[in-house]
Amino acid sequence: MELPADTRPQAAPGRADGASQDLLRRLGTQGPEREEAVGELHVLLLKAARFEIGRRSAGLPHVRGGDLDDLAQQSADDALLAILDKLDEFRGESRFTTWAYKFALLEAAVKLRRRAWQGREVPLEHEAWRRLSDASSAERGAEDSELFAAIREEIENLSDRRREVLVAVAINEVPIDVLAERMDTTRGALYKTLHDARRMLRAGLAARGLRPGDGEEEKP
Amino acid sequence: MSDSSKKSDGRDRLLARVLGPAKPELSCEECFAELDRYVELSVADGEADRQVPGMREHLHGCPACAEEYRSLREFIDG
């Protein structure tokens, strides 16, 4: 899809979009020119992966610096393979480098989340909801107590699978890709299950005349 | 922030996590496919939410995709 010219993203000041386009062109060639371009792309991906790992390393105090750099290298390697495999899917709706960076950031983020949860049990029990809702509504009125009690009942009415996914991701804050790996499924499939669970909760609440949080979503 | 507004914020975030976005949203796969365009539009103030409907709602409902949005935006805008 071609964006109207007046809404097309502009290259940030000092960043030449031409370099991004030239890199993409050279990746489509053969021989030494392509090999050189692949090497340049790997350098960019490694920079992105190190950025992601740097901003999250405080949450991994038990992982040594050398291990973190290994994670960055693995992320850049995996991102490079994914990009070269999907090169035909680049639609030109952003700079090529922006498109490429997202693969490195994703690989690094997933590896870090899995490392952070390595050896930890994934909590699926929904007693957490009772504790959270009790703490949250302890000093609130009858209206909130009714809402939180209704949500607890609706959670209990969900199928086992939907309840487990909702409780793990939304209540116990287990990263969705960590849960997907443990449940031997994909992140997309698991989010669909979460989405269905939330839809059923909202429908159950609406049937009771309760419609919390139907306003505009905040900026992410 | 006062104690009461902290509690209200915690309550609202808890409800948002459990109930998710009220409006239609993209899937994780669609979010990843659009992420680079959405981030560049956001940085350029190019009406990202109008150009990519359902993205903001998905980022509201999916903490992992929201983290990746913030990372890419911070990285290219840094």
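This is a short walk through a predicted model, chain by chain and helix by helix.

**Stop 1: chain A as a whole**

Start by showing chain A alone as a cartoon. You'll find nine helices and zero strands, so to speak a plain run of α-α-α-α-α-α-α-α-α when read along the sequence. Color by burial next: of the 220 residues in chain A, 33% are buried. If you draw a contact map and keep pairs with a separation of 6 or more, 71% of those contacts join residues 24 or more positions apart.

**Stop 2: helix H2 of chain A**

Select residues 32-56 of chain A, which is helix H2. This helix has 25 residues, and from first C-alpha to last it reaches 36 Å, close to the 36 Å expected at 1.5 Å a residue. Show side chains for its buried residues: A:Leu41, A:Leu45, A:Leu46, A:Ala48, A:Ala49, A:Arg50, A:Phe51, A:Glu52 and A:Ile53. Two of the names on that list, A:Arg50 and A:Glu52, are charged under the usual classes. What do the buried residues of H2(A) pack against? Within chain A, the partners are helix H1 (17-27), H3 and helix H4 (96-116); H5 of chain B joins them from the other chain.

**Stop 3: where H2 meets H3**

Keep H2(A) on screen and add helix H3, residues 65-86 of chain A. The two axes come within 8 Å and cross at roughly 135°. That angle makes H2(A) oblique to H3(A), and the crossing is right-handed.

To see the contact itself, put these on as sticks:

- From H2(A): A:Leu41, A:His42, A:Leu45, A:Leu46, A:Ala49, A:Arg50 and A:Ile53.
- From H3(A): A:Leu68, A:Leu71, A:Ala72, A:Gln73, A:Ser75, A:Ala76, A:Ala79, A:Leu80 and A:Ile83.

Sorted by class, this contact between H2(A) and H3(A) has twelve nonpolar, three polar and one charged residues.

**Stop 4: helix H4 of chain A**

Now select residues 96-116 of chain A, helix H4. Its end C-alpha atoms are 31 Å apart, in agreement with the 30 Å that 21 residues should span at 1.5 Å each. Is H4(A) mostly buried or exposed? Of its 21 residues, 18 are buried, so H4(A) is largely enclosed by the rest of the structure.

**Stop 5: A:Arg130 and its distant partner**

Jump to helix H5 of chain A, residues 127-137, and pick A:Arg130. This arginine is partly exposed, with 14 other C-beta atoms within 10 Å. Draw a distance from its C-alpha to that of A:Arg152: they are 22 residues apart along the chain, yet the separation is 7.3 Å.

**Stop 6: where H6 meets H9**

Next, select helix H6 (residues 142-157) and helix H9 (residues 187-207) of chain A. Their axes come within 9 Å and cross at roughly 130°, which makes H6(A) oblique to H9(A). The crossing here is right-handed. On the H6(A) side, look at A:Ala150, A:Ile151, A:Glu154, A:Ile155 and A:Asn157; facing them from H9(A) are A:Leu201, A:Gly204 and A:Leu205. By class, the contact of H6(A) with H9(A) holds five nonpolar, two polar and one charged residues.

**Stop 7: two loop residues with positive phi**

Most residues other than glycine have a negative phi. Two places in chain A go the other way.

- Select A:Glu173, in the loop between helix H7 (160-171) and helix H8 (176-182) of chain A. Its phi is near 60°, and A:Glu173 is exposed, with 11 other C-beta atoms within 10 Å.
- Then select A:Asp184, in the loop between H8 and H9 of chain A. Here phi is near 55°, and A:Asp184 counts as exposed, with 6 C-beta neighbours inside 10 Å.

**Stop 8: across to chain B**

Turn chain B on. The contact between the chains takes 39 residues from chain B and 38 residues from chain A. On the chain B side, the elements that give two or more residues are helix H1 (3-19), helix H2 (28-43), helix H4 (55-61) and helix H5 (63-77). That side divides into 20 nonpolar, seven polar and twelve charged residues.

**Stop 9: B:Glu34**

Finish in helix H2 of chain B, at B:Glu34. Is this glutamate buried or exposed? B:Glu34 is buried, with 20 other C-beta atoms within 10 Å. Setting aside neighbours within four places in sequence, B:Glu34 is in contact with B:Leu26, B:Val52 and B:Met55. The last of these, B:Met55, is 21 residues away along the chain, with the two C-alpha atoms separated by 8.2 Å.

Technical notes: Residues numbered from 1 in each chain as written. Chains lettered and ligands numbered in written order. Predicted model: local features only at pLDDT ≥ 70, side-chain atom pairs only at ≥ 80, totals over all residues. Contact = placed C-beta atoms within 7 Å. Helix = DSSP H or I, 4+ residues; strand = E, 2+ residues; numbered from the N terminus. Buried ≥ 20, exposed ≤ 12 C-beta atoms within 10 Å, placed from the backbone. Axes fitted to C-alpha atoms, helices over the stretch in contact; angles between N-to-C directions. Parallel < 35°, antiparallel > 145°, perpendicular 65-115°, else oblique. Left-handed = near helix turned anticlockwise from the far one by under 90°. Expected span 1.5 Å × (residues − 1).
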